[in-house]
Amino acid sequence: MALSTAFTKLFGVQHPVALAPMGGSAGGALTAAVSRGGGLGLLGSGNGDREWLARESAVVADNTTKPWGIGFLTWQIGIDAIEHALEHEPVAVMLSFGDPSPFAERVRRAGAALIIQVTDLEEARRAVDLGADVIVAQGSESGGHGARHGRSTLPFVPVVVDLAAPVPVLAAGGIADGRGLAAALALGAAGALIGTRFQATTESLVSPSTADAIVQGLGGDTERNSILDIARGSRWPSKYTARTLGHPFLDAWRGRETELTADPHARQAYQLALAQGDIPALPVWAGEAVDLINDLPSAADLVNSIAAQAEEALARAGKE
């Protein structure tokens with residue numbers, strides 16, 4: 001059975017799988033590989049750095065002719081980042097974490113599809129009002145940043161599906177294989193946006209040590225926190241925390257975020273530990289489905305295997 005959905009029809013892709021545009025992971029090689037595999041690759045542009053985007057978008061263009069897009073951290077960008085991104089002619093622009101209102105019309109005028117990620121119903125309603133072409137409903141199981149007071153993927157996705165209809169919705173958070181994709185489709189989603197699983201691929205930008213940590217990691221070892229953002233001096237809005245694997249600073253400061261914020265010596269200690277190599281350069285962003293990741297395949301092959309496993313799962317469910 002072919003997994004044809006409103007999402008695959010909108011973008012002309014083979015499989016209802018999209019790459020989460022993860023900063024530091026989803027570079028040009030990974031984006032191109034996901035698109036070659038039949039999904040929608042989304043370049044993780046983060047704050048819209050022009051030099052990075054020019055370099056990585058060229059890598060995409062050199063490695064695939066299939067549809068691909070660009071994703072941004074909405075709270076970090078201005079309209080100039082959108083203008084520059086649109087020069088690279090992505091088929092879609094994805095906006096996450098922050099108010100997408102200043103950018104929505106400009107994306108639409110350029111003819112690119114507008115994808116908006118939401119973490120609660122207020123954000124979902126705003127995305128509908130702004131005319132999003134696709135809405136990503138992110139559950140709290142997701143790796144990296146998400147809502148401090150988010151909802152689990154299983155109950156959150158169908159609520160957003162009902163609210164947004166007929167706008168196609170992608171499920172995100174805790175999806176790392178075809179069974180997760182099948183579950184998302186059963187919830188009424190038009191596909192899945194997958195992050196942590198694609199970090200552990202041959203094309204990901206993550207360091208070998210980070211990839212190994214993901215392969216070895218367990219979902220029970222992850223936790224959502226703001227401690228590492230505070231220690232790093234990251235200006236993420238307080239509404240959003242990050243799910244990571246374990247880290248020495250989590251053990252030292254758990255439950256003491258206010259104290260950490262007010263203690264410059266602690267943040268200096270973090271920087272010193274970084275310089276001495278005692279802690280990794282970046283936290284290991286990882287979702288609760290990290291247990292399901294045990295190898296480092298090509299992302300193109302991974303997209304196809306996820307889709308095949310989802311087809312099998314849905315076919316099996318239909319016979320039972």
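**Notebook: a three-stranded sheet and a pocket**

I began with the strands, and in this predicted model I found an open sheet of three strands, which run in the order β7-β11-β10 and pair in the antiparallel sense. I then looked up which strands form the edges, and these are β7, residues 144-147, and β10, residues 223-225, each of which pairs on one side only. I also noted the twist of this sheet, which averages 40 degrees from one strand to the next.

Next I followed the pairing of β10 with β11, the strand of residues 240-244, and I counted three bridges between them, again in the antiparallel sense. To have one contact that I could find by eye, I picked Asn225 and looked for its bridge partner in β11, which is Ala242.

My second entry concerns a pocket. How much space lies in the second largest pocket? I noted about 170 Å³ for the second largest pocket, and its lining is made up of 13 residues. Those that lie nearest the centre of this pocket are Ala176, Asp177, Arg197, Leu302 and Gln309.

I then asked which helices each supply at least two residues of this lining. They are α8, which covers residues 178-186, and α15, which covers residues 299-319. The largest share of the lining comes from α15, which gives four residues.

Finally, I sorted the lining of the second largest pocket by class, and I wrote down five nonpolar residues, four polar residues and four charged residues.

Methods: Residues are numbered from 1 along each chain as its sequence is written. This is a predicted model: local features need pLDDT of at least 70, side-chain atom pairs count only at pLDDT 80 or more; totals for chains, interfaces and linings use all residues. Side-chain values use heavy atoms; hydrogens and water are left out. On a 1 Å grid over the protein atoms alone, a cavity is a set of points where a 1.4 Å probe fits but cannot get out, and a pocket is an open set with protein on both sides within 12 Å along at least five of seven lines; lining residues have an atom within 4 Å of a point. Grid points are joined across faces, edges and corners, and a volume is the space filled by probe spheres set on the points. Ala, Val, Leu, Ile, Met, Phe, Trp, Tyr, Cys and Pro count as nonpolar, Asp, Glu, Lys and Arg as charged, and the others, Gly among them, as polar. Two strands pair if DSSP finds at least two bridges between them. Axes are lines fitted to C-alpha atoms, for helices over the stretch in contact, and angles run from 0 to 180 degrees between N-to-C directions.
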